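Visitor: Please pick one part of this protein for a close look, and then show how it connects with the rest.

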Amino acid sequence: MVKAMLDTTEILIFAGVGLVFALGLLAFCKWSGAAVQRIAAYALIALCFLYVGFAFRAEESGPWVGVEMTGVAVFGTLAGMSIIGSPWWVVAGFALHPLYAIYFHYIGAAAQFAPAPFVVANAAFDVAMALFVAYAALRGGRKSVTRTEDTSEKEAPQRRLAARSQHRSQSRDAGGPA
């Protein structure tokens, strides 16, 4: 079964749909206060499982489900590493996933079961999420330095007060003025 490629207008429309979904996910992160890195990691895992679902539509679904589960393992590992570590892992996952989706699911052999509009929308979503998570990681790095400075300035009076209190107790123990 050979599928026809989408024309330019369809590609632009479905890429726009992918961007709308990315903006929706980013709005959800902003509204809920959830970490973009964590939500993006979950989204990457969910996208991989959607391709597993599509693999069940293949003529010989057994091997295709295995191939798609390998994709879940690879991209899920990158997503998992970003949850417990650096956000750059999910950026790498979202940067590699559109290449995998277009090459394997749009042009390649998996085009027999993966819907072309979904693949194009997915690729646009992936690129948008990779860019936004990278932006958030770079911006978050600068914010954390500022927060550290602000925290140390707020804690300085408390440290001085604790030092004074400790000095008074030592003076009393030594027989000095109370």
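**From one residue to the core**

Guide: Ile13 counts as partly exposed because its relative accessibility is 49%. With a 1.4 Å probe and protein chains only, buried stands for under 20% relative accessible area, exposed for over 50%, and partly exposed for what lies in between. The model is predicted, so local features need pLDDT of at least 70 and side-chain atom pairs count only at pLDDT 80 or more, while totals for chains, interfaces and linings use all residues. Numbering starts from 1 along each chain as its sequence is written, and side-chain values use heavy atoms, with hydrogens and water left out.

Ile13 belongs to helix α1. Helices here are DSSP runs of H or I with at least four residues, strands are runs of E with at least two, and both are numbered from the N terminus. Along the sequence Ile13 and Pro117 are 104 residues apart, yet their C-alpha atoms are 9.0 Å apart in space.

Ile13 also helps to make a nonpolar surface patch of about 290 Å², together with Val17 and Phe21. A patch takes residues with over 30% relative accessible area and no salt bridge; nonpolar side chains (Val, Leu, Ile, Met, Phe, Trp, Tyr) are joined within 5 Å, and like charges within 9 Å. A salt bridge is a side-chain nitrogen of Lys or Arg within 4 Å of a carboxyl oxygen of Asp or Glu. Accessible areas come from the Shrake-Rupley method with a 1.4 Å probe, and for residues only the protein chains shown count as cover. Val17 is in helix α1, residues 8-32, and counts as partly exposed because its relative accessibility is 32%.

Now the rest of the protein. It has 5 helices and 0 strands, in the order α-α-α-α-α along the sequence. Of its 178 residues, 35% are buried. Its accessible surface is about 10900 Å², and carbon and sulfur atoms account for 67% of that. A contact means heavy atoms within 4.5 Å; of the contacts with a separation of 6 or more, 71% join residues 24 or more positions apart.

The buried side can be described through the largest nonpolar core. A nonpolar core is a set of buried Ala, Val, Leu, Ile, Met, Phe, Trp, Tyr and Cys residues joined through side-chain atoms within 4.5 Å. The largest one has 44 residues, and those touching the most other members are Trp64, Val90, Phe94, Phe113, Phe125, Met129 and Val133. At least two residues of this core come from each of α1, α2, α3, α4 (88-107) and α5 (116-173). The most come from α2, which gives 12 residues.

The buried residues of α2 include Val36, Ile39, Ala40, Leu44, Leu47 and Phe54. The expected span of a helix is 1.5 Å times one less than its number of residues. For the 20 residues of α2 this gives 28 Å, which agrees with the 29 Å between its end C-alpha atoms.

Met129 contacts Ala22, Leu25, Leu26, Ala40 and Phe94, leaving aside neighbours within four places in sequence. Asp126, in helix α5, counts as buried because its relative accessibility is 0%. With neighbours within four places left aside, Asp126 contacts Leu47, Phe94, His97 and Pro98.

Between α2 (36-55) and α3 (61-84) is a loop that holds Ala58. Ala58 counts as buried because its relative accessibility is 9%. Beyond its neighbours within four places in sequence, Ala58 is in contact with Trp64 and Phe113. The C-alpha atoms of Ala58 and Gln112 are 6.8 Å apart, although 54 residues separate the two along the chain.

After this loop, Ser61 is in helix α3 and counts as partly exposed because its relative accessibility is 24%. Ser61 touches Ala55 and Phe56, residues up to four places away in sequence not being counted. The buried residues of α3, among them Trp64, Val65, Phe75 and Leu78, pack against α2 and α4.
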